[in-house]
Amino acid sequence: MRKLIRRFALAALVAPAAVAVAMVASPAEAAPVTAQEQALTVPADVVRLTNAERTAHGCAAVTVNTGLSTAAAGHSAWMARTGTFSHTGSGGTTFAARVRAAGYTRPAGENIAWGYRSATELVAAWMRSPGHRANILNCASRTVGVGVAATADGTPYYTQDFGF
């Protein structure tokens, strides 16, 4: 049952309120992908689609930050490795602690998801979810990092970290 709940869950964390917001969505059936395919194409596509949504709604585009990218990639890898879908990471870390540990001092928010087959499906789902949408359309955010990691069977886990 726990695996089923994780399969259909999508969660967002809005850092300024320091409150985790959980939403339920129905991700598309995950198609097996290689870790290399995910690592090379999806983060750039997520950033491009995120910026398209931001500019369409009057926000400036965010730029990629290596510290945020490192934190996001590490959290996605941990979720894929452990099969855990949560904003709480290894050793009980919060997204803000992971971002700061990666060298970024002003964390803004985090989106996570799993099971989506493409960046297009992923960003569309986040935009349908109030908490995720709020993170993407937070015009005060200036930077972003995106990480993706796949389980042994190809199921992708995604993390998008924003910074002020």
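**View 1. The structure holds 1 aromatic pair (ring centres of Phe, Tyr or Trp, the last by its six-membered ring, within 6.5 Å).** Tryptophan 114 and tyrosine 157 form this pair, with 5.4 Å centre to centre and 15° between the planes. That geometry is stacked (planes under 30 degrees apart; over 60 is edge-to-face, the rest tilted). The pair links distant parts of the chain. Tryptophan 114 sits in strand S4 and tyrosine 157 in strand S6, 43 residues apart. Both tryptophan 114 and tyrosine 157 are buried (under 20% relative accessible area, 1.4 Å probe, protein chains only).

The model is predicted: local features need pLDDT of at least 70 and side-chain atom pairs 80 or more, while totals for chains, interfaces and linings use all residues. Residues are numbered from 1 along each chain as its sequence is written, and side-chain values use heavy atoms, without hydrogens or water.

**View 2. The largest nonpolar core (buried Ala, Val, Leu, Ile, Met, Phe, Trp, Tyr and Cys joined through side-chain atoms within 4.5 Å) has 21 residues.** Val46, Leu122 and Tyr158 have the most contacts inside it. Helix H2 (35-56), strand S4 (107-114), helix H5 (119-128), S5 and S6 each give two or more residues. H5 supplies the largest share, 6 residues. A second, separate core has 8 residues, among them Trp78, Ile112, Trp114 and Ala149.

**View 3. Threonine 151 lies in the loop between strand S5 (143-150) and strand S6 (156-163).** Helices (H or I, at least four residues) and strands (E, at least two) are DSSP runs, numbered from the N terminus. Leaving aside neighbours within four places in sequence, threonine 151 is in contact (heavy atoms within 4.5 Å) with Ala80 and Tyr157.

Notes
Buried means under 20% relative accessible area, exposed over 50%, partly exposed in between (1.4 Å probe, protein chains only).
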